[in-house]
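Please look over the sequence and the model shown here before reading on. The report is written for a reader who is meeting this structure without earlier knowledge of it.

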Amino acid sequence: SRTSTLEINGEEYYITDYNLTSSAVSSTLTFKISSVLDPLTLVDFMLEVPSNDGVKILQITDTELMDAAQTRMAESLSSEQKEEYALKNIYANCFNYISTLVEQECPDLIILTGDIVNGSFDDNGSVWLRLIEFMDSLNIPWAPVFGGLDNESAKGATWQRAELASAQNCLFKEGTASGNGDYTIGITDNGVIRRVIYMLDSNAGAGINSTQVDWVKEVASNVALYYGAVPGFVCYNKNSATDFSSDF
């Protein structure tokens with residue numbers, strides 16, 4: 001792990017892996033040096049949380065928000081369901097519960113792990129916009145990943161991703177590994193990465209693929225070069241037919 005820094009020609013370097021060997025006539029000190037990098041070159045987002053306070057994360061998953069009026073097949077819902085899942089009831093059905101949890105727990109970060117919106121009941125995108133408006137109103141950083149249902153809306157995933165990326169308090173990045181969004185959040189203390197959260201798209205319900213697994217391993221390896229073995233965990237909407245947990 002990092003123990004100190006050294007300045008050479010005006011550039012700052014980390015000094016790691018000290019090793020002192022001694023004999024009767026001499027002593028040899030060996031160590032490694034590596035450039036001091038902005039943590040944002042290693043992770044996509046940083047969340048500063050002092051280590052003595054700990055980090056509190058609220059996870060919300062599979063709420064499957066919907067607007068019954070947007071059903072593609074009128075007969076798929078009973079009259080009672082059409083009333084219950086009307087857009088006007090989205091606070092009573094879901095958002096009020098989240099608000100209560102936030103008030104009780106005061107989380108540093110909220111993670112939405114997929115199937116938050118049932119896209120087949122949101123072809124005009126109104127539920128998606130209501131979700132973003134509500135989450136931003138909490139004034140807490142929030143980070144979503146797509147599940148198998150979210151991107152079924154006729155508005156399309158490109159529009160959905162753009163709305164997430166433009167939200168004030170949303171941590172979201174499309175990424176390049178796979179699907180709709182693979183990105184990292186570094187939990188930092190005084191700018192030092194203490195933990196990494198890997199947010200992975202579940203590829204429309206097909207599950208995590210080997211490209212994403214390799215990407216996680218690559219990011220973890222790069223972070224380790226500067227901070228040592230940093231603990232981390234992966235967030236994604238698990239498909240029962242696909243489990244890559246052993247690969248991590």
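The sections below take up two sheets, a helix, a cavity and two loop residues in turn.

## The four-stranded sheet

This account describes a predicted model. In it, an open sheet of four strands follows the order E4-E8-E9-E10, and the pairing within this sheet is mixed. Its edge strands are E4, which covers residues 45-48, and E10, which covers residues 232-235, and each of these pairs on one side only. On average, and with direction ignored, neighbouring strands of this sheet are turned by 25° against each other.

Strand E9, made up of residues 192-199, runs parallel to E10, and four bridges join the two. Within this pairing, Ile-197 has Phe-233 of E10 as its bridge partner.

## The helix across the sheet

Helix H5, residues 210-227, lies across strand E8 (183-189) as well as E9 and E10, and the helix runs at about 180° to E9. Because angles here are taken between N-to-C directions and run from 0 to 180 degrees, a value of about 180° says that H5 and E9 point in opposite directions.

One of the residues in helix H5 is Val-216. Val-216 counts as buried because its relative accessibility is 7%, where buried means under 20%. From C-alpha to C-alpha, Val-216 and Tyr-183 are 9.4 Å apart in space, while 33 residues separate them in sequence.

## The three-stranded sheet

A further open sheet is formed by three strands in the order E5-E6-E7, and here the pairing is parallel. Strand E5 (57-60) and strand E7 are the edge strands, each pairing on one side only. From one strand to the next, the twist averages 15°.

Strand E6, residues 109-113, is joined to E7 by four bridges, and the two strands run parallel. Leu-112 has Pro-144 in E7 as its bridge partner, and both Leu-112 and Pro-144 appear again in the lining of the largest cavity.

## The cavity

How many cavities of 30 Å³ or more does a search of the whole structure find? The search finds one, and the largest cavity holds about 60 Å³ of space.

The lining of the largest cavity consists of Leu-112, Ile-116, Trp-128, Leu-131, Pro-144, Val-145, Phe-146, Asp-150 and Leu-164. The elements that give two or more residues to this lining are helix H3 (126-137) and strand E7 (142-145). Sorted by class, the lining has eight nonpolar residues, no polar residues and one charged residue. The charged residue is Asp-150, because Asp is counted as charged.

## Two loop residues with positive phi

Most residues other than glycine have a negative phi. Glu-64, which is not a glycine, has a positive phi near 50°. Glu-64 lies in the loop between E5 and helix H1 (79-84), and with a relative accessible area of 34% Glu-64 is partly exposed.

Asn-139 also is not a glycine, and its phi is positive, at about 60°. The loop between H3 and E7 holds Asn-139, and these two elements are the ones that give two or more residues to the lining of the largest cavity. Is Asn-139 buried or exposed? Asn-139 is exposed, because its relative accessible area is 60%, where exposed means over 50%.

Definitions and conventions. Residues are numbered from 1 along each chain as its sequence is written. This is a predicted model: local features need pLDDT of at least 70, side-chain atom pairs count only at pLDDT 80 or more; totals for chains, interfaces and linings use all residues. Side-chain values use heavy atoms; hydrogens and water are left out. Two strands pair if DSSP finds at least two bridges between them. Contact means heavy atoms within 4.5 Å. On a 1 Å grid over the protein atoms alone, a cavity is a set of points where a 1.4 Å probe fits but cannot get out, and a pocket is an open set with protein on both sides within 12 Å along at least five of seven lines; lining residues have an atom within 4 Å of a point. Grid points are joined across faces, edges and corners, and a volume is the space filled by probe spheres set on the points. Buried means under 20% relative accessible area, exposed over 50%, partly exposed in between (1.4 Å probe, protein chains only).
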